[in-house]
Amino acid sequence: MSTALRICPLCEATCGLTLTLDGDRVTGARGDRDDVFSQGFICPKGASFGEVDADPDRLAGPLVRKDGTLQEATWEEAFDTVAARIRPLIEEHGPDAVAVVLGNPNVHTMAGALYPPLLIGALRTRNLFTASTLDQMPKHVSSGLLFGDPFAIPVPDLDRTDHLLMLGANPLESNGSLCTAPDFPGKLKALRRRGGTLTVVDPRRTRTARLADRHVAIRPGTDALFLAALVHTLFAEDLADPGPLAEHVLGVEDVREAVREFTPEAVADACDLDAATIRTVARELAAAPTAAVYGRMGSSTVAYGTLANWLVDVLNILTGNLDRPGGALFPLSATAPAPRPAGPGKGFTLGRWSSRVSGHPEAKGELPMAALAEEIQTGGEGRVRAVITLASNPVLSAPDGLRLDRALGSLDLMVAVDPYLNETTRHADVVLPPPPPSRSAHFDFSFNGLAVRNQVRFTPAAVPLEEARMDECEIHARLILAVSGMHGAPPSAVDDLAIDTTLAKAVAQEHSPVHGADPKAVAARLSGATGPLRRLDMMLRLGPYDLTLDDLLRAPHGIDLGPLEPRLPGPLKTRSGRVELLPAPIADDLPRLRAALGTAPGGLVLVGRRHLRSNNSWLHNAPSLNSGSNRCTLQVHPADADRLGLADGKPARIAAEGGALEVEVEVTDAVRSGVVSLPHGWGHDRPGTRLAVAAARPGVNVNQLLDGSRLDPLSGTAVLNGFPVELTPLP
């Protein structure tokens, strides 16, 4: 028996684990008490690491479709097939004939962070679809418009704030999202213990809401109206005071005028809240010594998602809490480029191109995932004929999975990098499975840039890679070579090219640590036994902390880089060099929100929900995480159940514009009246998959209720919450 350290890749908390090993088998996982960030915290997902790692349904080698069926193949045969079939498609129909689809798991691996940009660059396709337009794109768009950088996302300073206003988030069951914080529940409890205030806005009385000082049971989909009324109240009662931020902000008076009509009384009916409650929340926020407003999935995947995310930061700014200890600050990752001098930047632009069929504008280089099916099924020049999916299962995660299911089956070619045959990858012509996580090195490129404390950690592979398997980074590199016409070149060529390109730019930048140096000499100093490790070492050396890979190897439990610190105006890349508080796209979208004023609630609307032992559709094949009572139930308030003739534990039919489902009813007052709740990520009932545990308890796919027509126009994000449904009992 032995032990090894591993950063958990199963959610955004990135907790440090200590794995127990019996040879090359993980037999247990516990929290690493010496981890500089998580300090021993672990949740049920992390505790199941060994079970997930050893899942017998994980593919052990490549699959290639022959005579209509997927069959085991060699790695050489798999990449030969990709190279032989994709190049003729591109040469005949152009690069946009290929679409790339990225799933959330990509940000949980080194390969998923390092190689997809190179793949997209090699293909030169504009057809990029990612999970961001199913969850977080509104935050990227609002940050891009406000700060000039879609990745400049301020996070709440959980350890020091006196007041946290949280919307559409349930971290006691899902940990953080766009806010990387091990033991988020413990941090909320610590806030309460030190006399701070927690206000939770949620239509469900979640575990997080039960912990709060104040639970505001809002009508789903009206977060932007509620937030606009808070902003209105700050102005109306002379509580708006950006303080030292004022010199960095443009447009405060423009915002005052923009929210003039959004009085608490005007939004009260639509939000189904008392106007006095709205004013109280605004006053408490303004009166707190320090405060932070934090909104996530529930305020993003709604009709006004970008406006809601914009208003979150408007509130942080108007209360003087942006870029302030105890407020919301910008993390500084160890692999972020060294900060450039403050000043005007290139800004952020939406709609540089549009989707072919419905004309949806791009956001951050991405098109709405909800548009993928029509781009495949609609004939004509530019039709998507081939799809490459990287750790993605859009048949379950995107609206109208039945249509996408049919569309994927009609492709000329589909390639999937995925460890499973799931509801999406069952359509692939080539499946390239990465190894289990214990056999991969780990570094969090994305989540360190969203962490509530600056730190850096790296863990090597816990056990050696089996001879028949291929490292995930090598899979990605060989895939890039196959699609770019360089099939057969060594995979190291991809990393060498990335290093050479990056260093050529870095030595020309005056603020770079290697300004004026010989790029070849800098490259020669890089350490790391593999291409991806050399790239990590390069990024650390080019970063803000003067670190190297060797520094991380000497600190197996990580390096603490200290609490978040004020950074403005450094992160700003707007054309003015200041926070642009009312960008034109936001102003142009506000009339749509004004049209919702005075509307009264009517009918049932649906919201999703999270669970502590789940993460989207990933973990339903782990027995310990998919045990116990049925979690895929439709929660209904007792008053609504009585009115509709529904009974606890009995079936009902739920319908919306995309279709109908039969589901078990759970009568509970944890959900407010007028609202029903069904979790997402389920629906494991299709043939041709290899997910034995998940298929035994398939549940239903909530996104099948949608036809993909409901989108937030600025971000292209699917409206997955707050849409109307009809509910009838079944015999």
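Student: In what order do the seven strands of the open sheet stand?

Tutor: Happy to start there, with the reminder that this is a predicted model. The pairing in this open sheet is mixed, and the twist averages 20° from one strand to the next. The order of the seven strands is S5-S4-S17-S16-S15-S6-S7.

Student: Which strands stand at the edges of the sheet?

Tutor: Look for strands that have a single partner strand each, so that one side of each is left without a neighbour in the sheet. Those are strand S5 (69-72) and strand S7 (128-130).

Student: What is the bridge partner of Leu63 in S17?

Tutor: Strand S4 covers residues 63-66, and two bridges join it to strand S17, residues 430-432. These two strands run antiparallel. In S17, the partner of Leu63 is Val431.

Student: Which helix packs on the sheet?

Tutor: Follow the contacts with strand S6 (98-102), S7 and strand S15 (386-390). The helix that touches them has a direction at about 170° to that of S6. This is helix H5, residues 116-123.

Student: How much space lies in the largest cavity?

Tutor: The count comes to three cavities of 30 Å³ or more. The largest is lined by 15 residues, and the closest to its centre are Lys139, Ile153, Pro154, Tyr294 and Gly295. Strand S8 (155-156), strand S13 (292-295) and helix H15 (305-318) each supply at least two residues of that lining. The space in the largest cavity is about 100 Å³.

Student: Which residue lies over the face of Tyr115?

Tutor: A charge counts as over a ring when it is within 6 Å of the ring centre and within 35 degrees of the ring normal. Here the distance from the ring centre is 5.0 Å, and the residue is Arg535.

Note on methods: Residues numbered from 1 in each chain as written. Predicted model: local features only at pLDDT ≥ 70, side-chain atom pairs only at ≥ 80, totals over all residues. Heavy atoms only, no water. Pairing = 2+ DSSP bridges. Helix = DSSP H or I, 4+ residues; strand = E, 2+ residues; numbered from the N terminus. Axes fitted to C-alpha atoms, helices over the stretch in contact; angles between N-to-C directions. Contact = heavy atoms within 4.5 Å. 1 Å grid on protein atoms, 1.4 Å probe; cavity = no way out; pocket = protein on both sides within 12 Å on 5 of 7 lines; lining within 4 Å. Points joined across faces, edges and corners; volume = space filled by probe spheres on them.
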